[in-house]
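This report describes the fold, packing and backbone geometry of a two-chain model. The sequence and structure are shown first.

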Amino acid sequence: MGHPGGASVNSGNPANSVLLETMKRPTLLLLKTLTWLACLWPLGLLVWGAVTNTLGADPTAAITFCTGLATLRLLTISLAITPLRRLFPRFSWLIKFRRLLGLFAFFYASLHLLTYVALYAGFNVNAMAADIARRRFITIGVAAWLLLLPLAATSTNWAIRKLGGKRWNRLHKLVYVAAVFGVIHYWWQVKPGVLTPITMTVILGVLLLARPLLDWRQRLRMRAA
Amino acid sequence: MLIGKPPEIPSSAITPKDQYLNRRRFLRGAASTAVAAGAAALGAERLAEVLSPRTAALAGTRLETVKSPLTTTGEELTSMKDVTTYNNFYEFGVDKGQPSQNAGDLPTRPWAIRVDGMVKKPRTFDIEALLKLRPLEDRVYRHRCVEAWSMVIPWVGYSLSEFINQCEPLSSAKYVQFLSYYDKRVEKWASETTIYWPYSEGLRMDEAMNPLALLTFGLYGEVLPNQNGAPVRLVVPWKYGFKSAKSIVAVRFLDRIPPTTWNDQAPNEYGFYSNVNPNVDHPRWSQRTERRIGQPFYAQRRTTLMFNGYGNQVASLYNGMDLRKFF
């Protein structure tokens, strides 16, 4: 799962790549295994629930909510990596986990979409077209998935090399839009007056605001130096 | 006169409400904590559960019931567990599982319904009197939520019209409003929304007088669990579930449409009538189909029926009305 392209794409700081090399292989392997397990946990719960018929009173809604929430959580965690690395250079190795988190976010987003296609629209193309045209929370949800699609498709080392770091980086800025669309999708889905999505919104807001703030701090430091 | 009928004093009129509520909660909390702790220490977990304030209310008591010709037949009942743990009762939390966890402190005794507005004389009905007003009937109804899920529930109650007749509304009364219990100390979760409380719902008089509209005191032959709207609620089976106000404390007769909670919140989504109607789209949910609660995920989906299948009894109420406009 190592990706040599990662360091050059994500940071120009040579100190980071030194730190990345210094992490011991067994430690990395262990952390990767734990991340895989954590990412597969929601799916495991769903499969177990479906097999034992313990998904609760409304299994369709449970599957939809679980996959949607997993998507937003994984996207948020993947967006926390860059600010964390910039604040604490000793956590630079976190970059080795970002692709994994991003791909799992896409995986759950696809399951979420599939749940809609199968259990809500019943594979009826006309019903889906009508929903996308008429229901804004579905429109923006589908848009968010479409934005994630090219990012997942260009997640391989080969694609990074082919595109070149700069273009790849620019393309992958779409993840900000996808995450914002995802949260708006959540707000538009709950009834007016219900504030459940507020936690996710605040966390995402902080993570997105952290980027210009960290840029600003860096500029101040460079001026001082 | 010394001799004569004693005046009807509902028990709730004796001590100011705030005081008895606080005292009640304190005593119940203190006593039951002590007893429950003792019982738990003895390993009698079941006993502790029974004695804890969450289940110590009247929920679960058997009610004496009679059969009803207005019951719905040929439907598989939704399990008692699903009916009592999958609830929309936002005063106790917006998640479906929260009301059954949080509604334990709803003080269902003493309880009374205040009746005012366009009536001959405003008056108060104590819950014990309401329970004895008419024989309680077993009535199975389909229950269709606006969120596109549905259940089949065996309710216990009698026609709302029986109660309305006792209220003696004036002929000028055209609508009736129902207000739910609201105390933010008990219903702390209500403030996690931006909804204006107390919960309010309403019906047109002829709708309220339709024999299908049920003043409900129980389900599955037992007293209503708190999370299902104890001790008395409305069930209007041909309308989306939110029209059936829970834990009713006031009934008001009016000559105009009363303000109702979800209609206030989003008038384009929740109309005053809110009859179950597969042909009127909702901005969020298609209303053509519904998910039956308690079925496996691949077998939940079914077609939604006009007026939730009660058209024979209620369609005439809306003759000549454009139900797309008055949704």
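Is B:Tyr220 buried, partly exposed or exposed? In this predicted model, B:Tyr220 has 19 other C-beta atoms within 10 Å and is therefore partly exposed, since burial requires 20 or more. B:Tyr220 is located in the loop that links β8 (214-219) to β9 of chain B. Although not a glycine, B:Tyr220 has a positive phi of about 50°.

**Backbone geometry**

Most residues other than glycine have a negative phi, and most peptide bonds are trans. The table collects residues and bonds of the model that depart from this pattern.

| Residue or bond | Feature | Value | Location |
|---|---|---|---|
| A:Asn53 | positive phi | about 55° | loop between α3 (25-52) and α4 of chain A |
| B:Tyr220 | positive phi | about 50° | loop between β8 (214-219) and β9 of chain B |
| B:Arg109 to B:Pro110 | cis peptide bond | omega near -10° | B:Pro110 in the loop between α5 (98-102) and β2 of chain B |
| B:Ala230 to B:Pro231 | cis peptide bond | omega about -5° | B:Pro231 in the loop between β9 (222-223) and β10 (233-235) of chain B |

A:Asn53 counts as exposed, because 12 C-beta neighbours lie inside 10 Å.

**Chain B: the open sheet**

Chain B contains 10 helices and 13 strands. Of its 327 residues, 40% count as buried. Among contacts in chain B with a separation of 6 or more, 70% are between residues 24 or more positions apart.

Five strands of chain B make up an open sheet of mixed pairing, in the order β3-β2-β11-β6-β7. The edges are held by β3 (123-126) and β7 (200-204), each with a single partner strand, so one side of each has no neighbour in the sheet. From one strand to the next, the twist averages 20°.

At one end of this order, β2 (residues 112-117) and β3 of chain B pair in the antiparallel sense over four bridges. These two strands form a hairpin, with five residues between them. Within the pair, B:Ala112 has B:Asp126 in β3(B) as its bridge partner. The pairing of β2(B) with β11(B) is parallel and also comprises four bridges; here B:Arg114 stands opposite B:Ala250 in β11(B). Strand β11 (residues 248-254) of chain B is further joined to β6 (residues 175-180) of chain B by six bridges, and these two strands run antiparallel.

B:Phe253 illustrates the surroundings of β11(B), the strand in which this residue is placed. Its position opposite B:Val176 belongs to the bridging described above. B:Phe253 is buried because 24 other C-beta atoms lie within 10 Å, where 20 or more suffice. Leaving out residues up to four places away in sequence, B:Phe253 touches B:Gly117, B:Met118, B:Val119, B:Pro169, B:Ala173 and B:Val176. B:Met205 is 48 residues from B:Phe253 in sequence, while their C-alpha atoms are 8.7 Å apart in space.

**Nonpolar cores**

The largest nonpolar core has 69 residues, and the most contacts inside it are made by B:Ile113, B:Leu160, B:Leu234 and B:Ile248. Strand β5 (residues 149-159) of chain B supplies its largest share, six residues. Another core lies apart from this one and has 30 residues, including A:Leu46, A:Tyr108, A:Ile140 and A:Leu204.

Beyond its neighbours within four places in sequence, B:Ile113 is in contact with B:Thr124, B:Phe125, B:Leu130, B:Val232, B:Ile248, B:Val249, B:Ala250 and B:Val251.

**Chain A: a helix pair**

Two packed helices are described by the angle between their axes and the distance between the axes. For α4(A) and helix α10 (residues 174-189) of chain A, the axes come within 10 Å and cross at roughly 145°. The crossing of α4(A) past α10(A) is left-handed. On the α4(A) side, the residues that meet α10(A) are A:Thr71, A:Leu72, A:Leu75 and A:Leu79; their counterparts in α10(A) are A:Val175, A:Ala179, A:Gly182, A:Val183 and A:Tyr186. By class, this contact has seven nonpolar, two polar and no charged residues.

**The contact between the chains**

Between the two chains, 20 residues of chain A are in contact with 22 residues of chain B. On the chain A side, the elements that give two or more residues are α4 (59-87) and α6 (125-134). The most is given by α4(A), with three residues. The side of chain A that touches chain B has 10 nonpolar, six polar and four charged residues.

Methods. Residues numbered from 1 in each chain as written. Chains lettered and ligands numbered in written order. Predicted model: local features only at pLDDT ≥ 70, side-chain atom pairs only at ≥ 80, totals over all residues. Contact = placed C-beta atoms within 7 Å. Nonpolar A, V, L, I, M, F, W, Y, C, P; charged D, E, K, R; others polar. Core = buried A, V, L, I, M, F, W, Y, C linked by C-beta atoms within 7 Å. Axes fitted to C-alpha atoms, helices over the stretch in contact; angles between N-to-C directions. Left-handed = near helix turned anticlockwise from the far one by under 90°. Pairing = 2+ DSSP bridges.
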